[in-house]
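Hello,

Here is the structure I promised to pass on to you. Have a look at it first, and then read on for what turned up when I went through it.

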Amino acid sequence: MTAVSLDLALQRCIESNCGAHYGLNEQLYVCSRCGGLLEIQNELHALADANALRNVWQTRLASLDGKDCSGVWRYRELLPFSEDAPIVSLAEGNTPLYEAPRAARYCGVSDLRLKHQGCNPTGSFKDTGMTTAVTQARILGARTVVCASTGNTAASLAAYAARAQLKCAILVPRGQVSQAKLAQSLDYGAAVLEVDGIFDDAMRVIRELAEDESIYLVNSINPFRIEGQKTVAAELAQQCAWQVPDHVVMPGGNLGNSTAFGKGFKELFDLGVISRQPRLHVVQAEGAAPFARLFVDRESEPSSTLAPIRHPQTLATAIKIGAPVSWQKALRAVTETGGRVLSVTEQEIADAKAIIGRDGIGCEPASATSVAGIKRLVKDGVINPSDSVVAVLTGHLLKDADYVTKYHQDKLYTHDRASNRSKEERHIAGTFSNPPTRVKATRDAILQYLESHESHHVEDRSVD
Ligand SMILES: *Cc1c(COP(=O)(O)O)cnc(C)c1O
């Protein structure tokens, strides 16, 4: 088995009326001719046949070699790197695909599985793209890697930069970062630079910094991140014995993840590794749903482009994004597979999250949009009850513990202060809450409590 050789892959502008292309090692972030986004184009014909690919990937599951143990680099035939690339890895990927009977009943489907990308080394799917982006930083000889982020991207970059012994700077809007995510970046030794202003101010400074050649920018537009992230499609297909599900449903923020799933499945299909592509559906939070709105707009006006939302609002901070950069690529993935884009309410997200928890699987709020979205799609007749469905969980439960404890104590409120809504209107009900209880430190008190609590835990208040 030979890997794709460097001269067979290139960076290509996605604008159809431009089509400029660049070598893999040209350090640029957007097309220098038209400013469009770049994507990696791999020459897949150079690969061996589908059977050989499936076999080599299967064999590597039993290998002890570090490259084979990574759930990203195991699929290196799909990646634009040579065999001797200086790989920076934390054994990312390798995330479980769980059956979720409780969540399945909640959604009204018989076959629901959860692909838990929150089980990555730093607790989110960002690691699968960071391993390739930081490897590319090494190839380019960068000394410093930077990003602007309010959370998971920062934590992930900080970790991979530490592995690569690269300097790392994280620009965060002061006072707007979750404690857990900030803690990660600090522990991994990144320079955490708090800038006054909002995310967009941090982003502007980052762009200026990137003009310096020794600094490599690892934001969402970086096409090498998409390459690593797309391998989740191969891992998922392999976990399904190459029989992909009918639907894959995921949250959408900046839309890099949806883009990556789309590219991953398409390449596997073009190679003949899978015989069809799943329908890809993207779910946003109601207060941060420019992509869902675009999807509706295009039904009447097919040439509509994305209109950014100035003040996105949602407690699911990982998808609190008003101007998603990768919307064109993600739209292609959704429409080509016959998928949908929809939005769900804060209440639906919170309840879906608690139901996922009851299957013994935790996730962060943004991830739960997937299950909330599936429930909607079943109701709307887009997903049939007998279809096979995979929901993508993007982040770990402990990324936002504050949200969780508040929900379970019925103290969760949206904070869209601008909207003049009363406190009652902003309250998110703890529909499936499980608050802590104070008991006397005696055997009897505890046994008595457990007896009364039993009904609650077996088949409590209907989840439908
Ligand atoms: C980044 C992230 C998302 C959104 O992914 P995009 O690629 O920006 O659409 C969703 N959930 C979690 C937990 C994330 O970290």
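Two strands count as paired here if DSSP finds at least two bridges between them. Please keep in mind as you read that this is a predicted model.

**The open sheet**

With that in hand, strand S1 (residues 10-13) and S3 are an antiparallel pair, joined over four bridges. One of the contacts to look for is leucine 10, whose bridge partner in S3 is glutamine 41. The sheet as a whole is open and has three strands, in the order S2-S1-S3, with antiparallel pairing. Strand S2 (21-22) and strand S3 (38-41) are at its edges; each has a single partner strand, so one side of each lacks a neighbour in the sheet.

**Helix H5 and the strands around it**

I spent some time on helix H5, which covers residues 152-164. At 1.5 Å a residue, its 13 residues should span 18 Å, and the end C-alpha atoms are indeed 18 Å apart, which agrees. Is the helix mostly covered or mostly open? Mostly covered: eleven of the 13 residues of H5 are buried. Among them are Asn152, Thr153, Ser156, Leu157 and Tyr160, together with several alanines, including Ala154 and Ala164.

What lies over these buried residues of H5 includes helix H4 (126-140), helix H6 (179-187) and helix H8 (223-239), along with strand S6 (144-148) and strand S7 (167-173). Just after H5 comes glutamine 165, which has a positive phi, near 55 degrees.

H5 also belongs to a right-handed β-α-β unit with S6 and S7. Those two strands pair in the parallel sense over five bridges, and valine 146 stands opposite alanine 169 in S7. S7 pairs as well with strand S8 (residues 191-195), in the parallel sense and over five bridges; there, leucine 171 stands opposite leucine 193 in S8. The chain gets from S7 to S8 through H6, and this β-α-β crossover is right-handed too. Six of the seven residues of S7 are buried, so this strand is largely enclosed by the rest of the structure.

**Strand S5 and its partners**

A similar look at strand S5 (residues 111-116) shows five of its six residues buried, so S5 is largely enclosed by the rest of the structure. In which sense does S5 pair with S4, and in which with strand S13? With S4 the pairing is antiparallel, over three bridges, and leucine 97 has lysine 115 as its bridge partner in S5. With strand S13 (residues 388-393) the pairing is parallel, over six bridges, and leucine 112 has valine 389 as its bridge partner in S13.

**Pockets and cavities**

The second largest pocket has a volume of about 480 Å³. Of the 22 residues in its lining, Glu39, Lys263, Lys266, Glu267 and Asp270 are the closest to the centre. The elements that contribute two or more residues to this lining are S3, helix H9 (256-271) and helix H11 (327-336). Which of the elements gives the most to it? That is H9, with seven residues.

As for cavities, a search of the whole structure finds two of 30 Å³ or more. The largest cavity has a volume of about 50 Å³. Its lining includes Gln11, Leu24, Tyr29, Gln136, Leu140, Tyr216 and Phe224. H4 and H8 are the elements that give two or more residues to the lining of this cavity.

**Two backbone angles to check**

Most residues other than glycine have a negative phi, and most peptide bonds are trans. Against that background, here are two loop residues for you to look at.

Asparagine 94 has a positive phi, near 55 degrees. This asparagine is found in the loop between helix H2 (66-69) and strand S4 (97-99). With a relative accessible area of 35%, asparagine 94 is partly exposed.

Tryptophan 242 has a positive phi as well, near 70 degrees. Its place is the loop between H8 and strand S10 (247-251). Is tryptophan 242 buried or exposed? Tryptophan 242 is buried, with a relative accessible area of 13%, where the cut-off for buried is under 20%.

Happy browsing, and best wishes!

Technical notes. Residues numbered from 1 in each chain as written. Predicted model: local features only at pLDDT ≥ 70, side-chain atom pairs only at ≥ 80, totals over all residues. Heavy atoms only, no water. Expected span 1.5 Å × (residues − 1). Buried < 20%, exposed > 50% of the residue type's maximum accessible area, 1.4 Å probe, protein only. Contact = heavy atoms within 4.5 Å. Right-handed = clockwise from strand over helix to strand, strands pointing away. 1 Å grid on protein atoms, 1.4 Å probe; cavity = no way out; pocket = protein on both sides within 12 Å on 5 of 7 lines; lining within 4 Å. Points joined across faces, edges and corners; volume = space filled by probe spheres on them.
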